[in-house]
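Colleague: I have a model open and would like to learn how to read it. Please take me through it feature by feature.

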Amino acid sequence: MTEDFLAVVETKRFLGQEFLTWLAHRIEEGGGSADVELHLGDRVVLAGAAQDERLTVAGAGDARAEIGAGLRRGKLLDRARLVIARGERRWELSLDGGLLVYEGLRCPKLGPRDAGAHEDRRAAFENDLFLRLADVEEALAILDGLFAEFCRLRGSAAWAARELPALRAWVEQLR
Amino acid sequence: MGFLSASTTIVRFIAPVPPQLNREAVAAAVTRRAFRDVDPAAGGAREGCGWVGIHDPLVTVFDPADLFFAHWLVVGFRYDRLAVPAKLLGLERRRAEAARRAERGVERLGAAERKEIREEVEARLIARALPTPRLFDCAWNLETGRVYLSGRQRAVCEAFAELFRQTFGVRPVPLIPYLAAEHVGLVPRAVEAVRAVEPASLVPAGAPRPDARVPRLPLEEARG
């Protein structure tokens, strides 16, 4: 990685953190879209401007007050465990918002193999891999759609007029 | 930790797919960059990486059927590292320093001499160390140019990106948020707008802020 690239990674890390924070707010306000449900999982990491300034909120129970305390100290969500559900299909992952890295991704159980794949181990492996990659792309496409929505808002006048006040009000009420 | 594991970590890159992809030539290029064992005696290398079969990590000779699958190019990436346990290095260094002090009849060694001893001990132990192999899966979607790697460690990602460039002639770029904005269906003006934004504060301007000089009881604070 070049120095320039690493500089962009560091100076623009906030963009992904703001996305993840916006996403948590959106989840609190009612979740995903018509056919997708989103839930915040049991582990959230907030980070301040300095990367060594981190707050981990983990475990069962209502963590909103702790998340709110972190946000009011000027931190943003840096990582969060997310659950995505589409019909009966369910994905779990830890989204590293700062870098858009998908950790601990658990996909839905693999579907049935093609006829003939049962006898041939290699064909079975390729069948499973193809299905798994489709599952991975489906989950990432859902998150990409949300990221696109965030980007459209973030770069528009609606951010300052509507989204930011709503986020601030949410942060205030997380107690 | 591959794509078929119960749980996997994925780093996503973007790498434009060449308009003409000669599958035979690609298989030959992957074979040229296949994994070879790390030999610390030859040049003192401590890391080694290369392509391996995604079906079988011992496969290092490829034909197109090993790599191309529907609209995917899939291949395994092996990254081996020779490392000396820190505790062993510390003990052996102390032993070597004691021997040197006795040999020279002095009570203390200079910083330069201690550094030299450390390097000698490390080189001797590295020559006897066994590599720690790590296996990752790589999948390149030849329709979208998205590349998925099942690992996130920085050294691994850098070695992977360089090997990918050497093999396929195109450098994969990690899709960090700033760059991802260009690949999620936004119009160019929206991409430019979001790239230009400055960090927002979620704390209203008039709200009291905690005094950073006052120690606080952490709720569950993790540093680093």
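Modeller: Start with contacts. Two residues are in contact if their C-beta atoms, placed from the backbone, lie within 7 Å. In chain A, 55% of the contacts with a separation of 6 or more are between residues 24 or more positions apart. For chain B, among contacts between residues at least 6 apart in sequence, 68% join residues at least 24 apart.

Colleague: What should I know about the numbering and the kind of model?

Modeller: This is a predicted model, in which local features need pLDDT of at least 70, side-chain atom pairs count only at pLDDT 80 or more, and totals for chains, interfaces and linings use all residues. Residues are numbered from 1 along each chain as its sequence is written, while chains are lettered from A and ligands numbered from 1 in the order in which they are written.

Colleague: What is the mean pLDDT of chain B?

Modeller: pLDDT is the predictor's confidence in each residue, from 0 to 100. Chain B has a mean of 89, and 89% of its residues reach 70 or more. Residues 218-224 of chain B fall below 50; this stretch has 12 contacts in the model beyond near neighbours in sequence. For the complex, the predictor gives an ipTM of 0.91 and a pTM of 0.87.

Colleague: How many helices and strands does each chain have?

Modeller: Both are DSSP runs, numbered from the N terminus: helices are H or I, at least four residues, and strands are E, at least two. Chain A has five helices and five strands. Its order from the N terminus is α-α-β-β-α-β-β-β-α-α. Chain B has seven helices and seven strands. The elements of chain B run β-α-β-α-β-β-α-α-β-β-α-β-α-α.

Colleague: Now burial. Is B:Arg81 buried or exposed, and why?

Modeller: Count neighbours. A residue is buried if 20 or more other C-beta atoms lie within 10 Å of its own, exposed if 12 or fewer, and partly exposed in between. B:Arg81 is partly exposed because 17 other C-beta atoms lie within 10 Å. B:Arg81 sits in strand β4 (residues 72-82) of chain B. Its contacts, leaving out residues up to four places away in sequence, are B:Arg46, B:Glu47, B:Pro131 and B:Thr132. B:Glu47 is 34 residues from B:Arg81 in sequence, yet their C-alpha atoms are 4.4 Å apart. Across the chains, buried residues make up 37% of the 175 in chain A and 25% of the 224 in chain B.

Colleague: Which residues touch the most other members of the largest nonpolar core?

Modeller: In soluble globular proteins, nonpolar side chains tend to be buried together. A nonpolar core is a set of buried Ala, Val, Leu, Ile, Met, Phe, Trp, Tyr and Cys residues joined through C-beta atoms within 7 Å. The largest one here has 81 residues; A:Leu46, A:Val136, A:Ala139, B:Val75, B:Cys138 and B:Leu149 touch the most other members. Helix α4 (residues 121-154) of chain A gives the largest share, 10 residues. Among the residues that B:Leu149 touches are B:Val11, B:Phe13 and B:Phe160.

Colleague: How many residues of each chain meet at the interface?

Modeller: 52 residues of chain A are in contact with 44 of chain B. On the chain A side, α4(A) gives the most, with 16 residues. That side divides into 28 nonpolar, seven polar and 17 charged residues. Here Ala, Val, Leu, Ile, Met, Phe, Trp, Tyr, Cys and Pro count as nonpolar, Asp, Glu, Lys and Arg as charged, and the others, Gly among them, as polar.
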